[in-house]
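Visitor: I am new to this structure and would like a close look at a single part. Please choose one place to start and work outward from there.

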Amino acid sequence: MRWHKIYGLSLRHIYLIKSSFPRLLDLVYWPSIQVFLWGFIGKFFTSETAYYNDTVGIILTAAILYDFLFRSSISYNMMFLEEIWSRNFTNLFIAPIKISEIIAALTFTAIIRTLVGLIPATLVAIPLFGVSIFNLGPPLVLLLLALYIFGVSLDLLVTSGLIRFGPSFENIAWASLFFLAPLGCIYYPIEILPNWLQIVAKGLPLVHIFEEMRNILINDVVNYYVILKAISISSLYFFFGVGIFYLSYYGAKIKGTLINIGE
Amino acid sequence: MKIEVQNLEKKFNSFLAVNKINFIIERNTTVGLLGPNGCGKTTSIGMLLGLIKPTSGNILIDNQDIDKIDRYKLLSKINFASPYIELPKKLTVRENLEIYARLYGVNNFKDRIIEISEDLILTSFLNKKTGELSSGQKNRVSLAKSLINKPSILYLDEPTASLDPDVGDFVRNYIKNYKKKNDVTILLASHNMSEVERLCDSVIMMKKGEIVDKGTCSDLIKRHGRNNLEDTFLKIARN
């Protein structure tokens, strides 16, 4: 083995990381996110083991709902990344298609992709674990709606980053939802978070969605006010996402990245 | 359609990529955009396509500022081909052409796909995945996509780059014949001087973001005292 060759090849990747903030961020936040997420989950189950009568049912329902959000987000970002990977990006942006039409097409296709993936998993959970997300009743549709609107909002922010910074933003695209998972209180109640983080978490629709999911399953009561609040917060993020997407598109036109999006 | 560029400038931070260029391309003519690498050709085409926002200056299409025309109506009459952009590889040639025919709002697109496929000899691999094609075949598919909407303005960036002489000759002949039969204004960026001499009514020579000369090929050759366009290009590029 020749050390100068190993060093040379290592330099190729080190230079890439050095020149790309999104890549650097990706390296740093993954371990931190894991520590946060599993730390809070562990803390909750250690102190509150009697909280759930039906632990498997609630955890699995939460996991399925979270996966709905995750799949919809990944589907959307994947479709956008496909255009970059296939070098079709420029063709798309010189075609007579409006930004709003691009957003609508991606949103529409993402829900189809998500449902294709999720429906079998949801059905499998019924005979295998005796868990059905349909136990949530009619509010399930509203909870899914809130999750989907929020998922699309995140996607818009991530695709804005892809347009503005290019494919180096790809890693953020994959990890965007994991970033929010500890704050979303998916598997544990909000009270498990430190007070200051609870204030931040309440600004996300996820907390309201998953708190309400637990409320329905544990107390068998539906609080439509909380669901409406979740949809409203998600919608605010959606409009913010649309705004950022447009800003990013015009920023890319000034920077010239639409014509030569590359590494 | 007539293209007019007035004092067009593009700065990327402090780097001046295009420095107040002016030119007119009359309707139904082919103009070559020549210059060494990094001289501002791609940036200029990017601005003409609306992908890059100029720092200053105007682009007029049929005497109307493109900022004041409905961008989507205008884009439906324009198209672009470049070896540096591709079509999705996992889709078949037919699927790719169908998608772009729909995006460009082509009427009777199935007939149009058959027509353009026959013209560009794509019929035998219409159902093949685009990624499985040879460079020459991909190039012809890319050209088919750029002509799917029968554009009034066609921007071509090095249309025969990396093609073998046979396929290159086919593509050049095709563009020349297509132009004869259709009302289309073509701006062709190329490093192949014989191609430019064969296809272009006139040329624009760029260097360091500026237009350093323009005219017909024979005028430029004469003016610079050279025997052909290649030598003329070298003289301008190296001076």
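Guide: Start with helix α9 of chain B, residues 229-238, which lies across the strands β3 (30-34), β9 (202-207) and β10 of chain B. The helix runs at about 25° to β9(B). This is a predicted model, and everything described here was computed from it.

The strands under discussion belong to an open sheet of six strands in chain B, with the order β6-β7-β8-β3-β9-β10 and mixed pairing. Its edge strands are β6 (78-81) and β10 (210-215) of chain B, each of which pairs on one side only. From one strand to the next, the twist averages 15°. At the β6(B) edge, four bridges join that strand to β7 (residues 153-157) of chain B, and the two run parallel. To find this pairing in the model, look for B:F80, whose bridge partner in β7(B) is B:Y155.

Back at the helix, the loop between α8 (217-223) and α9 of chain B holds B:N227. B:N227 counts as exposed because it has 8 C-beta neighbours inside 10 Å, and the cut-off for exposed is 12 or fewer. The C-alpha atom of B:N227 is separated by 44 Å from that of B:K68, a residue 159 places away along the chain.

The next step is the division of chain B into domains. The domain assignment gives domain 1 as 3-77 + 153-238 and domain 2 as 86-150. Helix α9(B), at residues 229-238, therefore falls within the bounds of domain 1. The C-alpha centres of the two domains of chain B lie 25 Å apart. Eleven residues from domain 1 of chain B and eleven residues from domain 2 of chain B make up the contact. On the domain 1 side, helix α6 (residues 165-181) of chain B gives the most, with four residues. By class, that side has seven nonpolar, three polar and one charged residues.

On to helix α3 (93-103) of chain B. Its buried residues are B:V93, B:N96, B:L97, B:I99, B:Y100 and B:A101. They pack against α4 (109-119) and α5 (135-147) of chain B. Just after α3(B) comes B:G105, which takes a positive phi of about 65°.

Helix α3(B) also leads to the other chain. In the contact between the chains, 20 residues of chain B meet 16 residues of chain A. On the chain B side, two or more residues each come from α1 (41-49), α2 (71-75) and α3 of chain B. Of the elements there, α1(B) gives the most, with four residues. Sorted by class, the chain B side has 13 nonpolar, four polar and three charged residues.

Across that contact is chain A, with ten helices and zero strands. Its C-alpha atoms fill a box of roughly 60 × 55 × 40 Å along the principal axes. Of its 263 residues, 33% count as buried. Among contacts in chain A between residues at least 6 apart in sequence, 77% join residues at least 24 apart.

A word on confidence in chain A: its mean pLDDT is 84, and 92% of its residues reach 70 or more. Among the elements of chain A, helix α2 (residues 21-47) has the lowest mean pLDDT, 71, and helix α10 (residues 224-255) the highest, 94.

Terms used:
Residues numbered from 1 in each chain as written. Chains lettered and ligands numbered in written order. Predicted model: local features only at pLDDT ≥ 70, side-chain atom pairs only at ≥ 80, totals over all residues. Contact = placed C-beta atoms within 7 Å. Nonpolar A, V, L, I, M, F, W, Y, C, P; charged D, E, K, R; others polar. pLDDT = per-residue confidence, 0-100. Pairing = 2+ DSSP bridges. Axes fitted to C-alpha atoms, helices over the stretch in contact; angles between N-to-C directions. Buried ≥ 20, exposed ≤ 12 C-beta atoms within 10 Å, placed from the backbone.
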